Amino acid sequence: QISSQHNAEAPNLEQAFHRMAQTEPNLDHGVSWFLLPSYWAKMVVALIAFLCFANSYDGDFVFDDSEAIINNKDLRAETPLGDLWHHDFWGSKLSSNTSHKSYRPLTVLTFRINYLFAGGFYPVGFHVINIILHCTISVLMVDVFSILLGGLQFSNKGRRLNLAPKTSLLAALLFAVHPVHTECVAGIVGRADLLCALFFLLSFLGYCKAFRENKEGHNFSIFWVLVSVILGAIAMLCKEQGITILGLNAVFDALVINKLNVLELIQKLLHKDKSLENAGLLRKGLLFRITLLMSGGASILYIRWRIMGTGPPAFTEVDNPASFADSLFVRAINYNYYYSLNAWLLLCPWWLCFDWSMGCIPLIKSVSDWRIIALAALWFCLIGLICQALCSEDSHKRRILTLGLGFLIIPFLPASNLFFRVGFVVAERVIYLPSIGYCILFTYGFSLLSKQAKKKKILAVAVLGILLINVMRCALRSSQWRSEEQLFRSALSVCPLNAKVHYNVGKNLADKGNQSAAIKYYREAVRLNPKYVHAMNNLGNILKERNELQEAEELLSLAVQIQPDFAAAWMNLGIVQNSLRRFEEAEQSYWTAIKHRKKYPDCYYNLGRLYADLNRHIDALNAWRNATVLKPEHSLAWNNMIILLDNTGNLAQAEAVGREALELIPNDHSLMFSLANVLGKSQKYKESEALFLKAIKANPNAASYHGNLAVLYHRWGNLDLAKKHYEVSLKLDPMAPGTKENYNLLRRKLEQLQKKGG
């Protein structure tokens, strides 16, 4: 163990440790609450944390899970592990202009491990890990709260003592059952916050171990300080908030280890008091440790900055409208209103929503807006707490309030818009760590009330009631996160002005085939946000499928006018223009889409269809070939190439393309069918028959498969088998084109053969 020896300071620290229990009031004194052995307390916390979120274990992939997990190529085995260190959370290159710069490689690595162990995208394993992580964090909270509420003291054998077993249990229970944590636990993407919190707490507990007296009598261990820095770095590689633990460790060191009086220090600094050294700031051990923490933090941030690049992430006005306001006053007042909403979610986590952007919270533009009251209430409470934390004569009270405020505010700073623009208005996931500070302040308030209350049991019952309500709220909210339909619909009552909520409800309905209902929600999304290009694009797509081409064209044209680089809208506009037989405009739209998204296989596929309609066969084949180069499993493009070559009499080339396609997509029955047709025309009957039968086995209810196999047998002379498959085809589809005529020809031929035989 690497350690540092500062003998001149050792007596002061030793005395501080041994006097702590005697000189400070016990927070548990007079509190009517359960007193359990440490092991049982942790078991109870783990069990209750599990009960809160257990019903989310078999939920689907919902909301952001699609982009961060299902569509993230970094989870696939074929992606080199090294790519994780150069990509953002969503699998995009950090150097890309479209990257959100969210650098969380360790979280993505756990997703990849989940994917490999499960053998695919099966959400149960992902959800189970999230639940286990939250239970583990809640158990660690018992130790963390015992230090924050009761102080840090070790026995003669070097074992840490829990000086506040009752209140630390209560605080841990409050944390474990807080409904605002549902997004982090029930939403798989929330694992970033869970892993960050885990290493955040381990860093704090590791830092506390640095002050465990060892046999040599050293007063602190450099080894554990460095371990704390490394764990802080790991926390940051899970999510950006993790770096804030280094600042909190410094605050803890100053307040708990060195018993620094902040107000007294400020006064001495202002008066340039010569006794400043005795105030504790210039104590050699404290300065050395803070230097280690700050140097480690600065190094970590510099390395991350180098990896991420100098450019800030690109967000749009709908993500965070206040940050785009021209007036500094409007920005400041709305940021503060967002802080008050976060505080309210901690105090009363009843109205929860998966997304708070896109008009959910209208901007405050003048002081006459009644919501200013929320800002005033927030700052009234904060200023009151800060004054007590600085000016109280009770050192115990000063320490707990300062630590509570520190854990409430410091982890929230990266999401505060103070240092850089963030891509959200309010996000429940970012208050997972700040809720630690809330639990400290709530528990301390409960302790003070218990000491003054005459009927302590009534107060304890009230707190039990709060815990029980929170457990039920967690269970209810977890069930809403189990499917996108429930999640999106739950948001309609919370954020009816949020265009994204209506968009997601509409998308979910469209995916289920309920286009009429989807149109209603897409229209509402566009009404709420007239610049919502994604809603316009999806609505235009549905209208295109319903042959309402005029309105579809208007919507898609408006979408590309608002966002000229919206490649998907350009492609869909091309499809509509093609349907309207405005071929030149359609071709131009397709090429514009490809200009903005060079690797766009679906657009090349649709461009090929356009060229085929115009009998530009070579251009069509080239376009489809481009689609298959960009996306080798593009079955439709392969099929169209085979069919076009077949129809134009290029059977040898059609056969070669078909064989190439089946090598890449061996289980695609439509490709088997197309190649079987080509082989039949080339009189390779045996091989053609084998492919037809394989295609029918994969898709037995396709009338055309049976019909074309019947034609093959008809040509081959296997008339009985031809008759059998004609009949199956007609049974599946009595109106199948050509099949009835061929069947009648076969029957006449069979009748003629019977007459000759007779």
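A residue counts as buried here when its relative accessible area is under 20%, a cut-off worth keeping in mind while touring this predicted model.

Begin with the whole chain in view: the C-alpha trace spans about 120 × 55 × 50 Å along its principal axes, and the protein holds 33 helices and 0 strands. Of its 758 residues, 53% count as buried, while the exposed area comes to about 35,500 Å², with carbon and sulfur atoms supplying 60% of it. If you colour the charged side chains, you will find 78 positive and 60 negative ones, the centres of the two sets lying 5 Å apart.

Next, select residues 499–532, one of the stretches that an unreviewed UniProt entry annotates as a TPR repeat; the chain there is 79% helix and 0% strand, and its end C-alpha atoms are 8 Å apart. Moving on to residues 703–736, which carry the TPR annotation in that UniProt entry as well, you will see 82% helix and 0% strand, with the end C-alpha atoms 7 Å apart.

Now select Cys360 and Cys495, which are joined by a disulfide with an S to S distance of 1.8 Å. Cys360 sits in the loop between α13 and α14, and Cys495 in the loop between α18 and α19, so the pair ties together parts that are 135 residues apart in sequence. Both Cys360 and Cys495 are buried.

Finally, turn to Cys184, which is in no disulfide, the nearest cysteine sulfur being that of Cys196 at 9.9 Å. Is Cys184 buried or exposed? Because its relative accessibility is 0%, Cys184 counts as buried.

Conventions:
Residues are numbered from 1 along each chain as its sequence is written. This is a predicted model: local features need pLDDT of at least 70, side-chain atom pairs count only at pLDDT 80 or more; totals for chains, interfaces and linings use all residues. Side-chain values use heavy atoms; hydrogens and water are left out. Helices (H or I, at least four residues) and strands (E, at least two) are DSSP runs, numbered from the N terminus. Buried means under 20% relative accessible area, exposed over 50%, partly exposed in between (1.4 Å probe, protein chains only). Accessible areas come from the Shrake-Rupley method with a 1.4 Å probe; for residues, only the protein chains shown count as cover. Lys and Arg count as positive and Asp and Glu as negative; His and the chain ends are not counted. The place of a charge is taken as NZ of Lys, CZ of Arg, CG of Asp or CD of Glu. UniProt positions are given in the numbering used here, feature names are shortened, and annotations may be inferred rather than shown by experiment. A disulfide is a pair of cysteine sulfur atoms within 2.5 Å.
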